[in-house]
Each structure stands twice: as structure tokens, then as C-alpha cells.
Amino acid sequence: MTRHNAHLTAALLLALPLLLVIAAFTPFSCMQIAEKDNLVIAEVDNENITRGDLFRILRNMEDTERPEIATKSDLLRVLNQIIDERISIPLGQQLSKEGKINVPREAARERYFQSKGDDAEELRYIYNLNEKEAKTELMEVYDLTPEIIRARKDVIEIKTDIILEKMQGRQAVAYLAMQDFQAGTLQPDEAVVQREYDLRKNEFINFEWMSFRAFRFPTAIPEAPELAAKVRGRLDAGEPWDQLESEYLALNPDFVIESEIENNPTLQRFRSFWEHASGAQAPSVLGPLYLPAYQVMAQDAQGRPQPVQMPDSYIVLKVLESRPERVKTLDEAKPLIVPEVLITQEMEKLRQEHGVKIYEDNLFDPAQFGSREGALRY
């Protein structure tokens with residue numbers, strides 16, 4: 001035996017225990033992973049959904065779209081959503097072809113834009129571009145070429161298709177729920193309605209509200225702030241409201257209005273107004289206040305309701321009536337809760353018709369991996 005062969009033999013003998021361990025456990029580990037992937041976690045229409053199917057769906061999602069997976073309950077929620085969409089999407093396509101439901105493609109595209117947060121405006125701009133036209137200044141800012149524009153538009157359309165299918169599916173279930181409700185074959189479970197109300201009570205709010213009469217001076221009038229301040233000064237000096245109102249109505253009927261407004265915290269542009277007006281009670285006089293443009297419903301000559309745009313204005317108002325914010329009663333909240341409950345019940349009915357079965361014991365607990373990324377690598 002040469003010295004080289006002797007060294008090689010010695011090295012193999014030293015490595016033999018490790019090689020035996022690798023040989024013994026590597027095939028077994030691969031087999032274990034394969035077996036886990038093939039575990040059936042659900043059935044729909046006699047077709048299996050395996051653990052591997054679920055994780056492939058999760059891995060193929062964009063990072064921004066993938067839900068947080070930290071517990072077994074999170075996995076179960078995602079699995080149920082996948083099952084519901086397997087049932088509802090074909091149903092939505094069918095009812096859409098039959099003309100029974102209609103989801104505008106524009107609505108799906110806008111939902112996609114909204115889902116992109118800070119990038120929404122850029123995506124809207126790109127979608128509305130004509131790549132054949134001369135390059136604009138904004139195209140320079142975003143470093144856009146015709147090829148990039150076409151590619152980005154293709155992505156927008158693909159994402160719109162996906163969202164459109166899901167929206168059609170949800171609308172289809174809602175349509176069937178209403179059909180069954182009207183036929184008397186589906187009634188809301190009152191216990192579920194009560195439970196939903198108890199769980200989400202703080203979501204059902206009657207916002208603070210007031211009705212008022214006001215001297216109004218649109219910002220289109222250059223001296224609007226001064227006019228409003230002059231009215232307030234005369235009122236503070238003791239001139240009667242009614243007397244001033246008659247004077248300004250004679251000058252311009254639009255200078256005096258009667259309206260109402262709701263303190264909706266999601267409407268940020270009214271925050272400054274409500275910082276001064278919140279809590280005011282009749283017959284308090286407030287102002288001058290800046291009131292941003294808003295819409296009210298009025299009747300036309302035929303008595304039909306129509307929206308009327310109220311301009312940005314400086315106003316001095318007198319509170320006629322006001323109500324503080326409060327939680328809606330159960331009866332007031334029912335119109336918001338009952339449709340959701342009916343849709344949920346209709347979905348459960350469809351799941352039974354499609355033979356849905358879930359084998360929760362075959363799901364694993366992602367918590368053991370300590371992170372979402374670890375869970376996705378399981």
C-alpha cells in the first residue's frame with residue numbers, strides 16, 4: 001500500500017461514523033418532509049388540499065400580500081380563505097356571465113391601486129400613460145421608458161384580474177344570500193347577530209352631529225374672512241341674529257344657509273372645524289370658522305333628491321340642534337351586521353354543498369419556528 005493510499009484509508013476510517021449517520025438519516029429526513037407535504041389538510045369537491053399545497057400558495061404570494069403566520073389559528077384562517085375562494089370564484093364567474101352580478105373592472109383596478117399604499121398615485125399615473133406619446137417630465141422623474149410602461153401595465157392588468165375574480169366571488173355569495181333571504185330559506189341567526197354586536201360594538205358609532213344656520217362667505221370672495229369677522233362683531237355688539245339675517249339675505253340669498261354636519265373622524269379636512277365646534281349646544285354662536293367644501297342632498301324642482309356642492313367658506317353659525325357621539329343600539333346596528341351574517345351563513349351552506357372537510361390535526365403549529373419566515377421554510 002502506498003503512503004498516499006494509507007492516508008486516504010485512514011481518513012475514510014475516521015470519517016466513517018459521520019458518513020454512516022448521514023447515510024442513515026438523510027433519506028429518512030427527506031422521506032419525512034415528503035410525507036408531511038402529502039398530509040391532507042382539507043377536501044373540497046372530493047379533491048384533496050395537502051400541507052404542501054398550502055405552503056406553495058403561501059410561498060408564491062408577494063411579501064406585501066402574504067398574511068402574518070404566527071399560530072396554528074393563522075394557518076387555519078388562510079386555509080379557510082383558500083377553500084372559500086375555490087368555491088366562490090367559479091360561482092362569481094358563472095353569475096357574471098349570466099348577468100346576475102356585475103363588478104366593474106375599474107373598481108377592481110382601483111382596489112389594487114389602493115392596496116399599494118404610497119405607490120398608488122405612481123401606478124395610476126403609469127396606467128393612464130400612452131407609451132407612444134412623447135416622453136413627459138413625470139416620465140423622466142419616474143425613469144419610465146415605453147418598455148417599462150408596457151410591462152408595468154401588464155402587471156397591473158394581471159393583478160386586476162386576480163382581484164376582480166375575488167370581488168365577483170364575494171358578490172356572488174352576497175347575491176345568493178339575498179335570494180335565499182327573500183325566498184325565506186335563509187334567516188339571520190339572532191344569537192350570531194348579538195355576538196357580533198357585542199364583539200364589535202365600538203365600531204358601530206353614531207357620530208357627533210349638529211344642525212345650524214350660518215352666515216356663509218365663500219372663499220372665492222377675496223374679503224370672505226373680513227365679512228365673517230364683521231358679522232361676528234355685530235352679533236357680539238348685541239345686534240339680533242334675525243335682523244342681521246334679513247339684511248344679508250337681501251344682499252345675497254346664498255349668504256345665509258341652514259345645514260347639518262357630522263363629525264366623522266376619517267374626514268381629516270374637517271378636523272380644524274370640529275376642534276372649535278365639538279360639544280357646542282343650541283343656541284351657541286361660533287365663528288368665524290373655515291368650513292371646507294362638502295355635499296348635501298337637496299330636492300330638485302320635481303322633488304327628486306340630488307347632491308349639491310357647498311363651497312369652501314368662512315362661516316358664523318348658530319347651533320340649532322346637536323347630538324354627542326354614541327354607540328349605536330343593536331337595532332340601529334342590525335342593518336350593518338345582518339348582511340354580513342347572511343353572507344357568512346350562505347358561505348357555510350355552499351361549503352356543505354361542496355363537501356368541505358378540514359383535518360385540523362394535520363396542520364402544524366408555526367409557533368414552534370419562532371417566525372413567519374421559519375414557518376414558510378418548515
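Select Asn46 to begin: this residue is exposed, with a relative accessible area of 75%, where exposed stands for over 50%, buried for under 20% and partly exposed for what lies in between, using a 1.4 Å probe and protein chains only. Asn46 lies in the loop between strand 1 and strand 2, and its phi is near 65°, a positive value in a residue other than glycine.

Before moving on, note that this is a predicted model, in which local features need pLDDT of at least 70 and side-chain atom pairs count only at pLDDT 80 or more, while totals for chains, interfaces and linings use all residues. Residues are numbered from 1 along each chain as its sequence is written, and side-chain values use heavy atoms, with hydrogens and water left out.

**The loop and the sheet beside it**

Now add Asp45, which is found in the loop between strand 1 and strand 2 and has a positive phi of about 50° although it is not a glycine. At 43% relative accessibility, Asp45 counts as partly exposed. Most residues other than glycine have a negative phi.

Colour the strands next; helices (H or I, at least four residues) and strands (E, at least two) are DSSP runs, numbered from the N terminus. Strands 2, 1 and 11, in the order 2-1-11, form an open sheet of 3 strands with antiparallel pairing, and two strands pair if DSSP finds at least two bridges between them. The edge strands are strand 2 (47-50) and strand 11 (357-358), each of which pairs on one side only. Strand 1 (residues 40-44) and strand 11 run antiparallel and are joined by 2 bridges; select Ala42 to see the residue that stands opposite Ile358 in strand 11.

Against this sheet packs helix 3 (residues 72-97), which touches strand 1, strand 2 and strand 11, and whose direction makes about 25° with that of strand 1. Contact here means heavy atoms within 4.5 Å, and axes are lines fitted to C-alpha atoms, for helices over the stretch in contact, with angles running from 0 to 180 degrees between N-to-C directions.

**From helix 3 to helix 12**

Keep helix 3 in view and add helix 12 (residues 330-353): the two pack at an angle of about 85°, with their axes 11 Å apart. Helix 3 and helix 12 are therefore roughly perpendicular to each other, since angles of 65 to 115 degrees count as roughly perpendicular, under 35 as roughly parallel, over 145 as roughly antiparallel and the rest as oblique. To show the contact, select Asn80, Ile83, Asp84, Ile87 and Leu91 of helix 3 together with Met347, Leu350 and Arg351 of helix 12. By class, this contact of helix 3 with helix 12 has 5 nonpolar, 1 polar and 2 charged residues; Ala, Val, Leu, Ile, Met, Phe, Trp, Tyr, Cys and Pro count as nonpolar, Asp, Glu, Lys and Arg as charged, and the others, Gly among them, as polar.

**The sheet of 4 strands**

Move to the open sheet of 4 strands, whose order is 5-4-9-6 and whose pairing is antiparallel. Strand 5 (256-262) and strand 6 stand at its edges with a single partner strand each, so one side of each is left without a neighbour in the sheet. Neighbouring strands of this sheet are turned by 40° against each other on average, direction ignored. Strand 4 (residues 209-218) and strand 9 (residues 313-323) run antiparallel and are joined by 10 bridges, and Ser211 stands opposite Glu321 in strand 9.

Helix 10 packs on this sheet, touching strand 4, strand 5, strand 6 and strand 9, and its direction makes about 45° with that of strand 4.

**Helix 9 and helix 10**

Select helix 9 (residues 224-236) with helix 10 (residues 241-251), and you have a pair packed at an angle of about 150° with axes 10 Å apart. That angle makes helix 9 roughly antiparallel to helix 10. Their contact brings Val231, Arg234 and Leu235 in helix 9 to Trp241, Leu244, Glu247 and Tyr248 in helix 10, and its residues divide into 5 nonpolar, no polar and 2 charged.

**Two cis peptide bonds**

Finish at Pro283, in the loop between helix 11 (271-277) and strand 6 (285-291), where a cis peptide bond with omega of about 0° joins Ala282 and Pro283. Within strand 6 itself select Pro288, for the peptide bond from Gly287 to Pro288 is also cis, with omega near 5°. Most peptide bonds are trans.
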